Amino acid sequence: MTSTETQTLLRDHVDMRMVIANGDSDVSDRNTLVKLDPDHPGFRDREYRARRNAIAQIAMTYQPGSPVPSAPYTELEHGVWQTIWKALGPAHREHACAEYLKCLERLEFDSDRIPQLDKVSRKVEAISGFRLEPVAGLVAPRVFLESLARGVFLSTQYIRHHSTPLYTPEPDVAHEIIGHAVTLASTRFAELNRLFGEAVSRTTDAAELDRLARVYWFTIEFGVLREDGRIKAYGTGLLSSAGELAEMHKAELRSLSVEAAADHVYDPTHFQSILFCADSFDQMYTMLREFLIAW
């Protein structure tokens, strides 16, 4: 395996919504299709590409606020979900924070079948008021983040290629559900997501939007905290990747400072070498809430 291939395989955690260019012409489009790169695991698999296109059509014709049509997952794809859960089950017990584990119990996922987005959305909405709506692929950061202000999480529905069940080069339904949907089943996590969306809606300067996106990255995506004398994850990028959960203990830990996080440029192609650590869930919640309200 070349060094380039190694770096690519480290991207199982990347939420590319947060790092694609700002200010492009598609900023208002929530259904921009993504063409698979030649190095994507599913690029040469015609059947996989056809299913991706069929699932994308669900989002292309979806009417916001209506029930989400079921995605046509195959047994092979359900097998990918099973492999992911086998890796994440023990990783969560070891590394996930208590708030996340409580939310996981509330949603009661089937470890053998990929949950349909509509079923997950109804469960989450009953708890926090947030709903999940499908998108065909990646959307601009502003579109993604501003949707949070309305209590809407824009979610992909496709799942990663079966040849690399523990790797995906873009957020897939496993990242969306195991990471984001679970945390949105917490009223406090849901509130922070709404506040992020409202802060983005008040931001017109591109540089300031970048700063907000970095705060989102180092908290909602890659946040860690201390709990019972141990380092635990609350960030969705960590919680949806067994590899990231194992590697997070090798990172340099810095005390959570929202301003410092806003100014720190991250590298999305590697495991994160620097993480911002809160003293507790309560401290993180209070600090982030006050920052976003004052933004």
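Which residue stands opposite Ser255 in β6? In this predicted model, the residue opposite Ser255 is Cys277. A second facing pair joins Glu252 to Ile274 of β6. Strands β5 (residues 252-255) and β6 (residues 274-278) are paired in the parallel sense, over four bridges. The connection between them involves helix α12 (residues 258-263). Together, β5, α12 and β6 form a β-α-β unit of right-handed sense.

These two strands belong to a wider sheet. The sheet is open and has four strands, in the order β4-β3-β6-β5. Its pairing is mixed. Strands β4 (230-233) and β5 form the edges, each pairing on one side only. On average, neighbouring strands of this sheet are turned by 45° against each other, direction ignored.

Another parallel pair is formed by β1 (residues 131-134) and β2 (residues 152-155), again with a count of four bridges. Here Pro134 has Ser155 of β2 as its bridge partner. Helix α6 (residues 141-149) combines with β1 and β2 in a right-handed β-α-β unit. Strand β2 is covered on both faces. Val152 and Leu154 lie on one side, and both are buried. Phe153 and Ser155 lie on the other side and are buried as well.

Ser155 merits a separate description. This serine is part of strand β2. Its relative accessibility is 0%, so Ser155 counts as buried. The cut-off for that class is under 20% relative accessible area. Beyond its neighbours within four places in sequence, Ser155 is in contact with Leu117, Glu133, Pro134, Val135 and Glu176. Pro134 thus appears both among these contacts and as the bridge partner of Ser155.

Asp172 follows in the loop between β2 and α7 (173-183). The relative accessible area of Asp172 is 0%, so this aspartate is buried. Residues up to four places away in sequence are not counted among its contacts. With those set aside, Asp172 touches Thr156, Tyr158, Ile159 and Arg160.

Helix packing was examined next. Two packed helices are described by the angle between their axes and the distance between the axes. Helices α3 (residues 75-95) and α7 have axes that come within 12 Å and cross at roughly 30°. Because angles under 35 degrees count as roughly parallel, α3 is roughly parallel to α7. The contact is made on the α3 side by Trp81, Ile84, Trp85, Leu88 and His92. On the α7 side, the residues are Ala174, Ile177 and Ile178. The crossing of α3 and α7 is right-handed.

A second helix pair consists of α8 (residues 187-201) and α13 (residues 281-294). Their axes come within 9 Å and cross at roughly 25°. That angle makes α8 roughly parallel to α13. This crossing is left-handed, whereas that of α3 and α7 is right-handed. From α8, the contact draws on Arg188, Phe189, Glu191, Leu192, Leu195, Phe196 and Ala199. From α13, Phe281, Asp282, Met284, Tyr285, Leu288, Arg289, Leu292 and Ile293 take part.

Backbone angles were also considered. Most residues other than glycine have a negative phi. Glu108 has a positive phi, near 50°, and is not a glycine. This glutamate lies in the loop between α4 (98-107) and α5 (117-128). Its relative accessibility is 62%, so Glu108 counts as exposed. Asp228 likewise has a positive phi, of about 55°, although it is not a glycine. Asp228 sits in the loop between β3 (224-227) and β4. With a relative accessible area of 79%, Asp228 is exposed. Both loop residues therefore fall in the exposed class, which is set at over 50%. By contrast, Asp172 is a loop residue that is buried.

Methods
Residues numbered from 1 in each chain as written. Predicted model: local features only at pLDDT ≥ 70, side-chain atom pairs only at ≥ 80, totals over all residues. Heavy atoms only, no water. Buried < 20%, exposed > 50% of the residue type's maximum accessible area, 1.4 Å probe, protein only. Pairing = 2+ DSSP bridges. Right-handed = clockwise from strand over helix to strand, strands pointing away. Axes fitted to C-alpha atoms, helices over the stretch in contact; angles between N-to-C directions. Parallel < 35°, antiparallel > 145°, perpendicular 65-115°, else oblique. Left-handed = near helix turned anticlockwise from the far one by under 90°. Contact = heavy atoms within 4.5 Å.
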